[in-house]
Amino acid sequence: MPFLNNLQRWADERPDDTAVVVAGKRLSWAELRDGAQAAAARSTAPVTVLAQPNSTRFAVDFAAAVAGDRQCAVLDPTWPESLRDEIVQRLGSGVNPVPGNAGIELADGDPAASFLIGLTSGTTSVPKAFTRSRRSWQQSFEASMEFFGLSQQDKTLAPGPLAASLNLYALAECLYAGSEFHTLESFDVGDVHAAITHDGITRLVLVPTMLRLLSERGLLGCVDASGVRTIICAGSKLDARTLEAARRWAPHATIFEYYGASELSFVSGAGLAAGEPFAAGSTAIGRPFPGVEVRILDDSGAELPDGAAGNISVQSGMVSNGYLWGDDGQALRCFDGWFTVGDQGYLSGGVLHILGRRADMIITAGKNVYPHEVELALSSVPGVASAIAAGMDDDLRGQRVVAGIVPSHGGVTATQLKTGLEDVLAKDKRPLQYYALDELPVTDRGKVSRRLLLDWIAARDSRVRHLV
């Protein structure tokens, strides 16, 4: 598998029910099946490269591209043409027509065979490429449906680009579950609000920056989100301001956040039910997903005790097959069957705590500082809406910790921030410089970027003001 056998089933049982909606354009289950079958019959390529913006055509072509034992590589359509050409060249002869390979049935192929070629995001160099088996996504579907409680009555809206793994997975998961999927041609707050109001959306899948915009503007505009029952966030930790706004805007929703990686799939997560209290500034990211075992290992592969920080390592049937190219031996490592992408954390009472990527770690005066810890501590300081920390080159210390702050209201001073951190963060982890930001620096996919913060500071960007 992953989802084509189920797609055939839904088309037979509920042919006229809605399967996919993109910016108001609707495909029924029968229309999706028939369109994908026709597209699969026309293609003779064992590997299909999709570089399309969001559309109903994308859903049709994606389903066709994974028929039988075919594979699909989904590229960001905003990447430069030269980068897309380089990726196609690396995929080799597989993207060229193969005589006699036409007429593939719209059905799932060998569960152990690869069906998806995933690509890490990037615009300045060729991203790493990894592969996934059909079985790995089927197991992921079963785990996420159980964990998040997805049903056929749900209407899921994932307003980001389908080229991003979070949204592509949400589409495929809904096709597997027989549940209605919605997205937009591009992210727009007003369009998302309109879809929630008029289309009966019950479930949102998005990154925290999108959730904050939707919640805060929804509250200001009196947009009714009382029908939303599930909100699923990934990409970065939810900060207190976003969580508080989302709970007021969608008062009946259980808000989930989870930790995972493209190469590992789901690892751990937690759901905060409506009305349930939450602890701001916590590094906790819940317990392991169904079917996942988690250990903390040191760099030699030895297991570390409760509370000790090291490599977050997993065993599960959801792990990817590894890399086609770009493997430096460190991005995805295996210790006797335990896989890690180098993210750092620790276990405490069965709950996983995330400290961050090893690559993001700041080494200042010989001390290791994880930006994630600094950001969570700053987010608990009164007057701080959100925070981002990074390591700036320093001739004396190697790196120094700097932080950008989006104030929640009015102004905030460096003295207030320093005072607020005195009891919540060790002295050698505290920032030496603070900057007020008009907005968080984020990538085009909505993920917070520490590199972009440093670029803004170096360029004296107008969105940055040094606090003294």
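# Reasoning from values to terms in a predicted model

Guide: In this predicted model, arginine 33 counts as buried, at 17% relative accessibility.

Visitor: What makes arginine 33 count as buried?

Guide: Buried requires a relative accessible area under 20%; arginine 33 has 17% and therefore counts as buried. The residue is found in helix H2, residues 29–42. Leaving aside neighbours within four places in sequence, arginine 33 is in contact with Leu7, Gln8, Ala11, Asp12 and Leu106.

Visitor: Why is the pairing of the side chains of arginine 33 and aspartate 12 called a polar contact?

Guide: The limit for such a pair of N or O atoms is 3.5 Å. The two side chains come to 3.0 Å, so the pairing is a polar contact.

Visitor: How far apart are arginine 33 and valine 384 in sequence and in space?

Guide: They are separated by 351 residues in sequence and by 49 Å in space, C-alpha to C-alpha.

Visitor: Why is asparagine 6 called buried?

Guide: The relative accessible area of asparagine 6 is 14%, and the cut-off is under 20%; asparagine 6 is therefore buried. It lies in helix H1, residues 4–13. Not counting residues up to four places away in sequence, asparagine 6 touches Leu175 and Tyr176.

Visitor: How do you know that cysteine 174 does not form a disulfide?

Guide: A disulfide is a covalent bond between the sulfur atoms of two cysteines. To be counted, the sulfur atoms must lie within 2.5 Å. The closest cysteine sulfur to that of cysteine 174 belongs to cysteine 233 and is 16 Å away, so the separation is too far for a bond. A search of the whole structure finds 0 disulfides.

Visitor: Which of these terms, buried or exposed, applies to cysteine 174, and which to cysteine 222?

Guide: Cysteine 174 has 0% relative accessibility and so counts as buried. For cysteine 222 the value is 69%; exposed means over 50%, so cysteine 222 counts as exposed. Cysteine 222 is found in the loop between helix H8 (208–220) and strand E10 (230–233). Although it is not a glycine, cysteine 222 has a positive phi of about 55°.

Visitor: Why is alanine 23 called partly exposed?

Guide: Its relative accessible area is 39%. Because partly exposed covers values between the 20% and 50% cut-offs, alanine 23 is partly exposed. Alanine 23 lies in the loop between strand E1 (18–22) and strand E2 (25–28), and has a positive phi of about 50° although it is not a glycine.

Visitor: What makes helix H3 mostly covered?

Guide: In H3, residues 56–65, 9 of the 10 residues are buried. Among them are Phe58, Asp61 and Phe62. At the start of H3, a side-chain oxygen of serine 55 reaches to within 3.3 Å of the backbone nitrogen of arginine 57.

Visitor: Why is H3 described as roughly perpendicular to H6?

Guide: H3 and H6 pack at an angle of about 75°, with their axes 12 Å apart. Angles of 65 to 115 degrees count as roughly perpendicular, so H3 is roughly perpendicular to H6. Phe58, Ala59 and Phe62 of H3 make the contact with Leu168, Leu171 and Ala172 of H6.

Visitor: Which residues have the most contacts inside the largest nonpolar core?

Guide: They are Phe3, Val20, Phe62, Ile231 and Leu352, in a core of 100 residues. Helix H6 (residues 165–177) gives the most to this core, with 9 residues. A second, separate core has 20 residues, including Val369, Leu378, Val401 and Leu425.

Technical notes. Residues numbered from 1 in each chain as written. Predicted model: local features only at pLDDT ≥ 70, side-chain atom pairs only at ≥ 80, totals over all residues. Heavy atoms only, no water. Helix = DSSP H or I, 4+ residues; strand = E, 2+ residues; numbered from the N terminus. Buried < 20%, exposed > 50% of the residue type's maximum accessible area, 1.4 Å probe, protein only. Contact = heavy atoms within 4.5 Å. Polar contact = N/O pair within 3.5 Å; in protein donor to acceptor, adjacent residues only side chain to side chain. Core = buried A, V, L, I, M, F, W, Y, C linked by side-chain atoms within 4.5 Å. Axes fitted to C-alpha atoms, helices over the stretch in contact; angles between N-to-C directions. Parallel < 35°, antiparallel > 145°, perpendicular 65-115°, else oblique.
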